[in-house]
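Student: I am new to this structure and would like a close look at one part of it. Please take me through that part slowly.

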Amino acid sequence: MTLNVGVVGVGNIGSIHASVYDGHPQTRLAAVCDIDRAKADLAAEKYGATAFYSVEQMLASGIQLDACSVATKGEENGSEHFAPTMALLAAGVPVLGEKPISNQIGEATQMVELARQKQIPYGVNLNHRFTPAAKLARDWIDEGRLGALHMINMRMWINNPVESSPWFHLRALHPHSFDVMRYFCGDVTRVAAFMMKGEGRSIWSNTQIILQFENGVIGNLTGSYDAGPSYGLERCEVVGSKGRFVLEDACEHLTFSPRDSIAAETYHYLGGMREFSETFASRIGAWIDQLSAEVPYDQVDGSGQDALEAQLIIEAAIESWESGRIVELSELRDKAAVQ
């Protein structure tokens, strides 16, 4: 069955979504939507889709939509996701949103709750977990190859000189970091954060964040918008009672080291995935597969709930730095529930 899909927001990232849908054998890109008419018209011409200039116009047209990506942007790359996502979910259309789910926890909570109430699939482009290397590493954990998990060390950094809100670096980049950490180690309960502004910067462009997980695992994140192109994108190390793995740059290199031996297994470019840019097709492909298989709304991989959990960790880190204390995530969940 071919799925008719749409893309709301056809800027840089939205154009990647459109390209993946256009090239996928199970989808037809039926609609593109952007408040910038020139962008919508250009994308429509390129992909043979119908152009719309608002979500309301698109839904009122009666066009069949089996799913829709929301790749809008806004402040901290997340302030423009709420309205189109809520409108699509209210109309019964499954949504794959961009990260962050929202830069406001109250809005993120409402989107997740509406999807739950209407039992509609809602995913977010948490693409770093959708790689063959990450899947193999997760399999090792599930099989007990690492033994009891002890700790996780995560690093994610890029060179982004943009000066935006004080929390731009945290809210825009680290939904990925914390989703990867949760993917391997589960839910987080406590957060403590330290931050600094890079040379000549007005935003908190560097951070060290310490986490405690529900299962007792401890971990830390090193994050920066002041990294150089030769530094690499990310590195994730998970250590257990029987061994550890190191996953580098999302998909490129994976090494397992047993605790009781100097031997090691190293894999490069598993599944033929060679670079980060390929993770978009991998993640969107998984979304398409799950929709085609009619996976229940509460079994979506990389769900809106997953994205909300990552955002809660970010907000806890911000509160920790501002207050100088360890923050319990339960406090923020309680606040979000009443917003």
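Student: How are helices α4 and α5 oriented to each other: roughly parallel or roughly perpendicular?

Tutor: Please keep in mind that this is a predicted model. Helix α4, which covers residues 82–90, and helix α5, which covers residues 105–118, pack at an angle of about 10°, and their axes lie 10 Å apart. Angles under 35 degrees count as roughly parallel, and α4 and α5 are therefore roughly parallel to each other. On the α4 side of the contact are Phe82, Thr85, Met86, Leu89 and Ala90, and these meet Glu107, Gln110, Met111, Leu114, Ala115 and Lys118 in α5. Sorted by class, the contact of α4 with α5 is made up of 7 nonpolar, 2 polar and 2 charged residues.

For some context beyond the two helices, you may also look at strand β10, which spans residues 218–224. Of its 7 residues 6 are buried, so β10 is largely enclosed by the rest of the structure. Strand β7, residues 149–157, pairs with β10 in the parallel sense over 7 bridges, and within this strand β10 it is glycine 219 that serves as the bridge partner of isoleucine 152. Strand β9, residues 206–213, pairs with β10 in the antiparallel sense, also over 7 bridges, and here threonine 207 has glycine 223 in β10 as its bridge partner. The hairpin of β9 and β10 has 4 residues between the strands, and in this hairpin glycine 216 takes a positive phi near 95°.

How values were computed: Residues numbered from 1 in each chain as written. Predicted model: local features only at pLDDT ≥ 70, side-chain atom pairs only at ≥ 80, totals over all residues. Heavy atoms only, no water. Axes fitted to C-alpha atoms, helices over the stretch in contact; angles between N-to-C directions. Parallel < 35°, antiparallel > 145°, perpendicular 65-115°, else oblique. Contact = heavy atoms within 4.5 Å. Nonpolar A, V, L, I, M, F, W, Y, C, P; charged D, E, K, R; others polar. Buried < 20%, exposed > 50% of the residue type's maximum accessible area, 1.4 Å probe, protein only. Pairing = 2+ DSSP bridges.
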